[in-house]
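Hi there,

Here is the model I promised to pass on. Have a look at it first, and my notes follow below.

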Amino acid sequence: MEHLNQTFFLWLNAPEHPNALVVTLATFFAEWLVWAVPILIVTGWLRGDKNTRKTLLVAAASGGLGLLTNQIIGLAWSHPRPFMIRLGHTFMSHVADSSFPSDHLTLWWAVAFSLTFQRDTRLAGIGLTLLGAPVAWARIYLGVHFPLDMLGAATVAALTSWLAFRAARWYLEPSYRLTSSIHRRIFGRWIALGWVRK
């Protein structure tokens, strides 16, 4: 399995002298696109209604649980990144920690999968799920992940998003009341001006 993992990595990894435009595009997908997730959640919370906010809380719980799961996996089984074993070419700086599963993709897909569980956000969830593919490619292309890291991310994301969705009846209402209270305290003035929904 590891031989196959490395073979697919070398097939997808950038050549020694890659096209600068492709590297720039890959860097955008690998490093910057993930910021769309917190922006989406914050914007949706500030502008959305009660149902939207509850959906986003479940999505945030999915992402958080996914990242926690990854930390546990990394402590139990540390898998080196390609550059740690001098495999392929690396065009992105990264700390030398465990590669499996990919945190970026776990967060992205956990939120995306969570949104697909809700009727009102299903299309957005499907769109985010599809956008995860170029993120996965970019992190392999730039030399910081293996293909199996992405498969691991998809598996963790699917599991944690399902768990967060199924367990919502236990945590959603109290967490919604807490976050709504914090929201009113922080944005009280903006709410009064009509810039932010109550």
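In these notes, helix angles under 35 degrees count as roughly parallel, over 145 as roughly antiparallel, 65 to 115 as roughly perpendicular and the rest as oblique. α5 and α7 pack at an angle of about 40 degrees, with 8 Å between their axes, and are therefore oblique to each other. Axes here are lines fitted to C-alpha atoms over the stretch in contact, with angles from 0 to 180 degrees between N-to-C directions.

This is a predicted model, so local features need pLDDT of at least 70 and side-chain atom pairs pLDDT 80 or more, while totals for chains, interfaces and linings use all residues. Residues are numbered from 1 along each chain as its sequence is written, and side-chain values use heavy atoms, without hydrogens and water.

The α5–α7 contact (heavy atoms within 4.5 Å) includes Trp 109 and Phe 113 of α5, and Met 150 and Val 156 of α7.

Now the aromatics. There are 8 aromatic pairs, meaning ring centres within 6.5 Å for Phe, Tyr and Trp (its six-membered ring); planes under 30 degrees apart are stacked, over 60 edge-to-face and the rest tilted. Phe 117 and Phe 165 make a tilted pair, because their planes are at 40 degrees, with the centres 5.1 Å apart. Phe 117 lies in the loop between α5 (103–116) and α6 (122–141), and Phe 165 is 48 residues away in helix α7 (residues 147–166).

Finally, the charged end of Arg 169 sits over the ring of Trp 170, 4.4 Å from its centre (the cut-offs are CZ of Arg or NZ of Lys within 6 Å of the ring centre and within 35 degrees of the ring normal).

Best wishes

Notes:
Helix = DSSP H or I, 4+ residues; strand = E, 2+ residues; numbered from the N terminus.
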